[in-house]
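Reader: Could you take me on a close look at one part of this model, the pockets, and then show me what else stands out around them? I would enjoy a connected walk through it.

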Amino acid sequence: MTTIAEMPAGFADKVLSAQSTFRSVMDAMARPGSVQRVAADVGTPAGMMRGAAAIALTLFDHDTPIWLDAAMSATPDVARWLKFHASAPVVGDSSIASFALIGDAANLPALERFAFGSSEYPDRSTTLILQVDSLTQGPTFELKGPGIDGSALLQAMIKPRDLFQRLSINEVLFPRGIDVVLVHDDHIVAIPRTTRLIASGV
Amino acid sequence: MNAPTYNFAYLDEQTKRMIRRAILKAIAIPGYQVPFASREMPMPYGWGTGGVQVTAAILGPDDVLKVIDQGSDDTTNAISIRKFFGKTAGVATTTSTTDATVIQTRHRIPEASLHAGQVLVYQVPIPEPLRFLEPRETETRRMHALAEYGLMHVKLYEDIARFGHIATAYAYPVKVNARYVMDPSPTPKFDNPKLDNCAALQLFGAGREKRIYAIPPYTTVVSLDFEDHPFTRYRFNAPCALCGADNSYLDEIVTDDKGGRMFVCSDTDFCEQRQAAGHHGTESAAPHKEKAHV
Ligand SMILES: [Zn+2]
């Protein structure tokens, strides 16, 4: 049983850390494929990377149901930490989640299990926060779409390997869809629903 | 110094989180109006509380803020908002378009081209471009959902039939990323081409109507028009009387009570930078008497 004394810390400075983390996420979302850095000091429960923890404390609260994958819920640490620092409800039904935290992206559930939003309210969708193996090394992904001047090259080790193929569902669904934030350590990359894969290589 | 009694940038953290989540969705769905729970701000609605809330949610201590009202840094509204954020967030302020990291604007887009990393925040009174055609929110929402924009085209075409051209001079509707029809706020249609493929992130906040929407950088924004009546910009056919610019949006200034008038840049920073660089207009070459000593 974790006591509050053993609970990993939240942000060192709640207000300014949330602001700087938000700007990193906003820049990432506005420039898909670009690697942004989360600079804030933040404690992390076991299994959660710094970037994911900072995003959680910046965007989660009692208004945002959170879904945790098997890796994130392997111990109660993540759920307890989220409840303590963000008052965010953890839900078992992924289709009503505002955010889904994916610790073991290789076993990412089918995207249909998350919320795509409605045609009238496409913003009522689940944002996936996906921990990956690298956002600076690995195969290259050439991306295009709003926020990208021509094309953007992302080099990343991402599981599932067919993530971008799966995300092509966004093209059919738009304006409904799924937005993704990839996290590795303190690096983040956003893939909003408007981003398209042009080509990928090794 | 006494500790401030307000939170950083005035808004409480829960409100900032809610606005920040709305901003991220707005960026992900370009041109779509995201509902948000607008808060009371210590200023009247007409002063751009939507834009102020967006600015408050993004602003950090390292930002350099510029605020313009119809192109000018020096109106009461612009000065008040600048002071508000100087006081509540301690941010540096500037009148320079180039030096600013965040620019809050009412009714203009700066003449100087914006660069990557900048954020332009618009104050929006009426975010719904279809509202004058359809008063019911459920209906306009359905029309956006189905991309059913025929009525808007009919309205514009009626203008052509009646006036020989599209009479809409401000808040001229655009289509964002080939999907959503969007109101660019009451900017002159002269500014519409600057919305397209802009290097900066553009955020729009409507306080009374509780909507936030966005245009990500490098996004295609097209002004609605017709093949036989293509979109055209409009400006007074004159150079600026102060800096001689022949490509800037002009305000008409009445200079005396005998019908005297002159045209000057609406963007005061643009005009002053040009004058500082040695450009002159007719009035600067022959200044008014009260300015003769300058
Ligand atoms: Zn001028």
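**The largest pocket and beyond**

Author: Let's start with the lining of the largest pocket, where helix 1 of chain B gives the largest share, 6 residues. Please keep in mind that this is a predicted model. Helix 1 of chain B spans 13-28, and both this helix and strand 1 (34-35) of chain B supply at least two residues of that lining. The space in the largest pocket comes to about 580 Å³. Its lining counts 26 residues, and those closest to the centre are A:Ser98, A:Asp123, B:Arg21, B:Ala22 and B:Lys25. Sorted by class, the lining of the largest pocket holds 12 nonpolar, 8 charged and 6 polar residues.

Now for the second largest pocket, which offers about 330 Å³ of space. Here 16 residues form the lining, with A:Lys14, A:Leu57, A:His85, A:Ala86 and B:Arg17 closest to the centre. Helix 1 of chain B turns up again: at least two lining residues come from it, and at least two from each of helix 1 (14-30), helix 2 (50-59) and helix 3 (77-86) of chain A. The class count for the second largest pocket is 7 nonpolar, 5 charged and 4 polar residues.

Since you asked what else stands out, let's visit the zinc ion. Its coordination comes from the SG atoms of B:Cys240, B:Cys243, B:Cys265 and B:Cys271, at 2.2 to 2.3 Å. The arrangement is tetrahedral because the 4 donor atoms subtend angles of 104 to 118 degrees around the zinc ion. For reference, the ideal angle for four tetrahedral donors is 109.5 degrees. Along the chain, the donors are spaced as C-x2-C-x21-C-x5-C. One pair links distant parts of the chain: B:Cys243 sits in the loop between strand 10 (221-223) and strand 11 (250-254) of chain B, while B:Cys271, 28 residues apart from it, belongs to helix 7 (residues 268-276) of chain B.

A last stop is a sheet in chain A. This open sheet has 3 strands in the order 6-5-9, paired antiparallel. Strand 6 (152-155) and strand 9 (196-200) of chain A are the edge strands, each pairing on one side only. From one strand to the next, the twist averages 35 degrees. Strand 5 (residues 140-144) of chain A joins strand 6 of chain A through 4 bridges in the antiparallel sense. If you would like a spot to zoom in on there, look at A:Thr140, which stands opposite A:Gln155 in strand 6 of chain A.

Terms used. Residues are numbered from 1 along each chain as its sequence is written. Chains are lettered from A and ligands numbered from 1 in the order in which they are written. This is a predicted model: local features need pLDDT of at least 70, side-chain atom pairs count only at pLDDT 80 or more; totals for chains, interfaces and linings use all residues. Side-chain values use heavy atoms; hydrogens and water are left out. Two strands pair if DSSP finds at least two bridges between them. Axes are lines fitted to C-alpha atoms, for helices over the stretch in contact, and angles run from 0 to 180 degrees between N-to-C directions. On a 1 Å grid over the protein atoms alone, a cavity is a set of points where a 1.4 Å probe fits but cannot get out, and a pocket is an open set with protein on both sides within 12 Å along at least five of seven lines; lining residues have an atom within 4 Å of a point. Grid points are joined across faces, edges and corners, and a volume is the space filled by probe spheres set on the points. Ala, Val, Leu, Ile, Met, Phe, Trp, Tyr, Cys and Pro count as nonpolar, Asp, Glu, Lys and Arg as charged, and the others, Gly among them, as polar. Donors are N, O and S atoms within 2.8 Å of the metal (3.2 Å for Na, K and Ca); water is not among the atoms, so sites may look incomplete. Four donors count as tetrahedral if all angles lie between 85 and 135 degrees; four count as square planar and six as octahedral if opposite donors are over 155 degrees apart and all others between 65 and 115; anything else is irregular.
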